[in-house]
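Student: I'd like to learn how to read charge pairs and buried spots in a model like this. Can you walk me through it?

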Amino acid sequence: MSKVRVNVVDNNDPHGMDATKNPSSSNNTSEADQEEGNEEFIEVGHVELLLEFLRLLCEGHNLEMQTILLHQPNNSFNVNIIHESMEYLVALEKKIDFDNIQIAIQAFRTFTEFVQGPATVIQQTLGTSPRFYSRLVNEILSKTYEDGNLLKQQEVILKKEVVLTLTSLLEGSNTQNLLEIMRNSLNLEELEQLLLFTARFLRSLQSESHHDRATDEVDEVVQRLRKDFDTHFLYEATRDKLNPVVAEDYISAVFPMIRDAYEELGMQIFFLMNIFKDAEREQLRILSRNTFLEEHKTLKVTNFLNLHQDLLSIFSEHTGSIEVLRNNNIETVYFPIPRICENLMDKARHDYVHSLPIMTPEEK
């Protein structure tokens, strides 16, 4: 819930009087009138609920409703709700804290629903906006929020929603110009480091023997959780003298959520990187191969994924892909393989795959 305080005072009046008052009678104004003129009105805006309402309007890839949010042809006054929502979030980004973080998370969930389908017009509106990347996406992905404004789980969930919006912007096969804009606008180094940190953190949790570098990631998260507890919960936790809550209790309760949030974040970044890799391969196929340097620069993301393929196997082993024919173009879609699939016996999987009717495109 956001609050805006409005002071009903004429800013041009040096005496701070109400604009409707006669200046000549200002000296005779009673103290009660002055207090009334300085009264503060609080406007309560249900921004998070409004963003969820906008998301639900587009639920089910409702292209007609998605387009109406962009342009209302039957109205005398048009409101670009997509642009206004983005500008609101750009303004909020500098002030994101413990109390309003859910608004930012909800905003990106709404953005994702705005563009999925795909809604190509809205993809172009959001995905080609320089402010969307420079003032919003890059700012959020580059921050660690160690100033105590956000809980660690809030930070990771926010970044996951940001990356999910990015992958949704690339949905469909007619987004080559948008993909180039995104790749050139994103801070890829920050994205790569975030992916590597996530992979090291998750891998260190899988075995008792891990490298010192991996241990550092876990220790960093634990220290951050301890700081979150001291900043936001210590006072309330120690009020109950008989059953006080200590930092270790908080860490034990929150750590599984942190692990799951990092796993989802890492998977989404890995999907996005693979989309970039596919685009690089296609670009290299089109471009002339004049020098090795040109090829090396063209395959920047591909080289990164190849260099760290052992570490990133924690994501690749649980990533599936499927080719989708859309608008006479082949599009590769990446998705997480559910953990339950690991419980399938090889024979059962083999029998099921070979029993599917896939002889014709219609059957597929």
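Tutor: Sure, and keep in mind that this is a predicted model. Let's start with lysine 300, which is partly exposed because its relative accessibility is 39%, between the 20% and 50% cut-offs.

Student: Which residue does the side chain of lysine 300 meet in a salt bridge?

Tutor: The general idea comes before the case. Side chains of opposite charge can pair when their charged atoms come close. Here lysine 300 pairs with glutamate 189, at 2.9 Å from N to O. That salt bridge links distant parts of the chain: lysine 300 sits in helix α14 and glutamate 189 in helix α10, 111 residues apart. Glutamate 189 is partly exposed too, at 42% relative accessibility.

Student: How many salt bridges does the structure hold?

Tutor: There are 19. Another one to look at joins glutamate 139 and lysine 94, with 3.7 Å from N to O. This pair also ties together distant parts of the chain, with glutamate 139 in helix α7 and lysine 94 in the loop between α4 and α5, 45 residues apart. Glutamate 139 comes out as partly exposed, at 23%.

Student: What about lysine 347 and aspartate 351: where do they lie?

Tutor: Both are in helix α16, four residues apart, or about one turn of the helix. Their closest N and O atoms are 2.9 Å apart. Lysine 347 is exposed at 60%, while aspartate 351 is partly exposed at 38%. Salt bridges can share partners as well: Lys152, Glu155, Lys159, Arg224 and Asp228 are joined into one network that way.

Student: Which residues gather in the patch of negative charge on the surface?

Tutor: Those are Glu146, Asp147, Asp216, Asp219 and Glu220. Take glutamate 146: you'll find it in the loop between α7 and α8, partly exposed at 41%.

Student: Now the buried side of things. Why does serine 85 count as buried?

Tutor: Its relative accessibility is 11%, so serine 85 falls under the 20% cut-off. Serine 85 lies in helix α4. Apart from its neighbours within four places in sequence, serine 85 is in contact with Leu51, Leu54, Phe111 and Phe114.

Student: And isoleucine 81, what does it contact?

Tutor: With neighbours within four places in sequence set aside, isoleucine 81 touches Leu54 and Leu69. Isoleucine 81 is also in helix α4, but at 23% it is partly exposed. For a backbone view, its C-alpha atom is 9.9 Å from that of glutamine 66, 15 residues apart along the chain.

Notes:
Residues numbered from 1 in each chain as written. Predicted model: local features only at pLDDT ≥ 70, side-chain atom pairs only at ≥ 80, totals over all residues. Heavy atoms only, no water. Helix = DSSP H or I, 4+ residues; strand = E, 2+ residues; numbered from the N terminus. Buried < 20%, exposed > 50% of the residue type's maximum accessible area, 1.4 Å probe, protein only. Contact = heavy atoms within 4.5 Å. Patch = residues over 30% accessible without salt bridge, like charges linked within 9 Å, V, L, I, M, F, W, Y side chains within 5 Å. Areas by Shrake-Rupley, 256 points an atom, 1.4 Å probe, with all protein chains shown as cover. Salt bridge = Lys/Arg side-chain N within 4 Å of Asp/Glu carboxyl O. Lys, Arg positive; Asp, Glu negative; His and termini not counted. Charge placed at Lys NZ, Arg CZ, Asp CG, Glu CD.
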